[in-house]
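Biologist: Could you take me through one part of this model slowly, namely the nonpolar core and the aromatic rings in it? I would enjoy a close look with the numbers included.

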Amino acid sequence: MPRPITISTEHIVECARAQFLSNGFTVPTSAIASAAGISEGTIFKRFPTKLALFAAAMGLPEPRFLEAMPGRVGDGEIADQLRLLGTEIYDFYSELMPRVMMTISKGGNLEQAFSDGSCVPPPVLVIQGVMRYFEAEEETGRLRCNHPELAARMFVGTIVHSVLLKLRIPNA
């Protein structure tokens, strides 16, 4: 019979959040475990990767708006669809970037925060999703786009730039 759980997942997440905020993403999971009063193995019984723990601790959003994009292909006016998509991307990055910036300010970097090899980083998912949407709209003839990946990077990059300016210069 397995031992009963005595330390809650919420406690682990709270300790991890404190460690990530103090030390950045590079904090070892052994330090998080020590702060929580558990073994390092206990962390990995509850979270498959350090990135999963980071996401739980920092509340990193997922780009769920991507799920609706295939159903929008060929629907309504393309300009309206692009405005809606742009708004969703802006909202996503407005939630994501302050959390990522906290990590960077503590000595981590984007690669560490988003890539532990177990999943596709959310910013990459957004680029890929927008690229697939552009390709699908191109197939319907509603959009002409010789380089869907480049167009997706420009579209998303412009929005991310806007979010970053707003975070750094509130009246921009």
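Modeller: Happily; what follows goes from the core to its rings and then to one helix beside them. Please keep in mind that this is a predicted model.

Let's begin with the core as a whole. The largest nonpolar core has 42 residues, and those touching the most other members are Phe20, Ile89, Tyr93 and Val130. At least two residues of this core come from each of α1 (9–23), α2 (29–36), α4 (50–58), α6 (78–105), α8 (122–140) and α9 (148–168). The largest share belongs to α6, which gives eight residues. As background, nonpolar side chains in soluble globular proteins tend to be buried together.

Now to the rings. Across the whole structure, a search turns up five aromatic pairs. One of them joins phenylalanine 20 and phenylalanine 54, edge-to-face, with 4.9 Å centre to centre and 85° between the planes. This pair links distant parts of the chain, since phenylalanine 20 sits in helix α1 and phenylalanine 54 in helix α4, 34 residues apart. Both phenylalanine 20 and phenylalanine 54 are buried.

A second pair to look at is phenylalanine 92 with tyrosine 93: the ring centres are 5.1 Å apart and the planes stand at 80°, so this pair is edge-to-face too. Phenylalanine 92 has a relative accessible area of 5%, so it counts as buried. Tyrosine 93 is buried as well, with a relative accessible area of 5%. Ring pairs also bring in Phe65, making a cluster of Phe65, Phe92 and Tyr93.

Next comes α2, one of the helices that supply the core. Its buried residues are Thr29, Ile32, Ala33 and Ala36. These cover an arc of only 100° around the axis, and therefore lie on the same side of α2. Among the elements covering the buried residues of α2 are α1, α3 (40–46) and α4. After α2 comes glycine 37, whose phi is positive, near 75°.

Finally, a stop in helix α1, where asparagine 23 lies. Unlike the buried phenylalanine 20, asparagine 23 is partly exposed, because its relative accessible area is 34%, and the buried class ends at 20%. Asparagine 23 and serine 105 are 82 residues apart in sequence, yet their C-alpha atoms are 9.2 Å apart in space.

Terms used
Residues are numbered from 1 along each chain as its sequence is written. This is a predicted model: local features need pLDDT of at least 70, side-chain atom pairs count only at pLDDT 80 or more; totals for chains, interfaces and linings use all residues. Side-chain values use heavy atoms; hydrogens and water are left out. A nonpolar core is a set of buried Ala, Val, Leu, Ile, Met, Phe, Trp, Tyr and Cys residues joined through side-chain atoms within 4.5 Å. Buried means under 20% relative accessible area, exposed over 50%, partly exposed in between (1.4 Å probe, protein chains only). Helices (H or I, at least four residues) and strands (E, at least two) are DSSP runs, numbered from the N terminus. The arc is that of the directions from the helix axis to the C-beta atoms. Contact means heavy atoms within 4.5 Å. Rings of Phe, Tyr and Trp (its six-membered ring) pair if their centres lie within 6.5 Å; planes under 30 degrees apart count as stacked, over 60 as edge-to-face and the rest as tilted.
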